[in-house]
Amino acid sequence: MFQQMFHHSVAIMLLIDPNTGRLCDVNASAVDYYGYDRDSLLSCNISDINILPKADIQREMEAALKEKRNFFRFQHRLADGRVRDVEVYSSPVNFGNETRLVSIIHDVTARNDHERELEILMDVVENLPVGIYRSSVNGKGRFLSVNNEMVRLSEADSVEHLLATPVSALYAETADRKIFLERLERADDWYTQTVKVRTLKGRVGHFRISVRKRYLESGELFVDGVMEDLNRVRAAEQDRQQLFEIIEATPAIIGISDPDGRLRFLNTAGRRVLGIGPEDSLEGFMTRQAHTEESLKTLTETAMPAAKAQGQWSGELCYRDTKGKELPVQTTLLAHRNEEGELIRFSAISLDVRVQKEKQAVLEQMAYRDSLTAVLNRRGFQRALKAALDEARNSQDPLAVLMIDLDHFKPINDRYGHPVGDEILRKLMPFLRSRRRRGDHIGRLGGEEFGIVLPGSSQADAIQIAEDIRERVAAAPITTSAGDIAITISVGVATFDDRREAGKSLIRRADEALYDAKEAGRNCVRWR
């Protein structure tokens, strides 16, 4: 009798061993529902179907076995991987000395989805920024249901207070309600009118009311309505318009993008820089298109992660304008999240700092560059030497310093004048740069004395470089406004052997080596 009922039932039924969870039998409806063939389904354990952890499944089976509970809500996984909401009625059945659980399965996914959608809809209605209501129209009218905003707009003390208030009590002028109802009766669908409303606390204002006629099953006429505070709407619209005008007028670049970088808004300043016309669509434009390679790396590896974690990030990025020219910008990147904490957009405010950068470069030039020769001045040379020494200490690479002095330069100045002397100093620079490598630093330390920092150079390397420079200077007279003038140089070399040595000490040893070269007759290289 049980077997006949089990296998011919249209309900989904499973027979389960409560000790192991093994499926002992399944009916045809279960085979159709779960999507397995019969043999495959019978080879399953209930834990292959029920997505709960095995320990929780066992606990629930024990409750059904002891008849503490026979109704359960689970989620079951079908053969195609879909997960469905189910309600299960499970009871013990004895077969001789063995006890099995008979479970009847009802798929309630659609019902649960509908209930969730209804809950979401009700939550939306309750939290809309407009008043939503349903009311009767007979007599003075009564409210049948209202949302939270309707209570706020009417300045009622509570939902119950508003439901107990006649609709007519909210009309500041009695004639308005009569006119409203007459026009509503002639309307085919939604009807909208601006009405002067007196709130329950006596405040009078203009509200926009949109209503539609409906009928109860009893045939009684009622209306569904929406009420908006026009004063607030107008004020909000003015605020939005003013904010938009400010955003459009500002020279700052303001953009809004999706989390994946799709640009959704770009103000006039930004469109001008990126070459996007005021009417051109932003469809398909990705923010990465606006950045240089280095700037994009900073954006993706530093700025965006920091904004996600902390809400905002500030720092320097670099855009590329329509002509390919780099545009350094000081940027504040903001991450915006919804109430659930999900990232919904980024917004960026960027200020063009080209002029600031140019001024900074000029100031740096003045502070660290020699105005005559354009190489580093003493301060700049000392800064470069310190950085090179720090790097050498960390890397354990060799380093050398050359000290260079023009031989007999004072007599040249006395004979030809300082302008010619300045010409010689300027035209000496190509010779000093002739053996320059990436990372080398040249500086004018005063008068006709120069220094060169040679990172990565051993003593032998430095001596060879010094000799090459000296030979080139000696072999090529310098052409000046006073004619060709032959000059020579003396060079002192010092290497960074003691990792504890300071820059001043290294320069002093190079100076001493230079003095040795002078004592040796000039136009030569000496080292210490």
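Strands β11 (residues 253–257) and β12 run antiparallel and are joined by 3 bridges. Ile256 stands opposite Phe265 in β12. Two strands count as paired if DSSP finds at least two bridges between them. Helices (H or I, at least four residues) and strands (E, at least two) are DSSP runs, numbered from the N terminus.

This is a predicted model, in which local features need pLDDT of at least 70 and side-chain atom pairs count only at pLDDT 80 or more, while totals for chains, interfaces and linings use all residues. Residues are numbered from 1 along each chain as its sequence is written, and side-chain values use heavy atoms, with hydrogens and water left out.

**The open sheet**

β11 and β12 belong to an open sheet of 5 strands in the order β12-β11-β15-β14-β13, with antiparallel pairing. β12 (263–266) and β13 (312–320) stand at the edges with a single partner strand each, so one side of each has no neighbour in the sheet. On average, neighbouring strands here are turned by 25 degrees against each other, direction ignored. Helix α12 (residues 293–310) packs on this sheet and touches β13, β14 (326–337) and β15 (343–352). The direction of α12 makes about 160 degrees with that of β13. Contact means heavy atoms within 4.5 Å.

**Strands around β18**

Strand β18 (residues 449–455) has two listed pairings.

| Strand paired with β18 | Sense | Bridges | Residue opposite Ile452 |
|---|---|---|---|
| β16 (residues 399–406) | antiparallel | 7 bridges | Leu402 |
| β17 (residues 441–446) | antiparallel | 5 bridges | Ile442 |

β17 and β18 form a hairpin with 2 residues between them. In the turn, Gly447 has a positive phi of about 55 degrees. Is β18 enclosed or open? It is largely enclosed by the rest of the structure, because 6 of its 7 residues are buried. Buried means under 20% relative accessible area, exposed means over 50%, and partly exposed lies in between (1.4 Å probe, protein chains only).

**Two helices that cross**

The axes of helix α15 (residues 409–416) and helix α16 (residues 418–433) come within 7 Å and cross at roughly 135 degrees. That makes α15 oblique to α16. Angles under 35 degrees count as roughly parallel, over 145 as roughly antiparallel, 65 to 115 as roughly perpendicular, and the rest as oblique. Axes are lines fitted to C-alpha atoms, for helices over the stretch in contact, and angles run from 0 to 180 degrees between N-to-C directions.

Phe409, Ile412, Asn413 and Tyr416 in α15 meet His418, Val420, Gly421, Ile424 and Leu425 in α16. The residues of this contact divide into 6 nonpolar, 3 polar and no charged.

**The largest nonpolar core**

A nonpolar core is a set of buried Ala, Val, Leu, Ile, Met, Phe, Trp, Tyr and Cys residues joined through side-chain atoms within 4.5 Å. The largest one has 32 residues. Leu402, Leu406, Ile424, Leu428 and Ile487 touch the most other members. At least two residues each come from β16, α15, α16, β18, α17 (459–475) and β21 (489–495). α16 gives the largest share, 7 residues. Among the residues that Leu402 touches are Phe450, Ile452, Ala462, Ile465 and Val491.

**An exposed residue**

Arg73 is found in strand β3 (residues 71–77). Arg73 is exposed, with a relative accessible area of 61%. Not counting residues up to four places away in sequence, Arg73 touches Val86 and Glu87. Its C-alpha atom and that of Gln242 are separated by 54 Å, and the two residues lie 169 residues apart along the chain.

Technical notes. Ala, Val, Leu, Ile, Met, Phe, Trp, Tyr, Cys and Pro count as nonpolar, Asp, Glu, Lys and Arg as charged, and the others, Gly among them, as polar.
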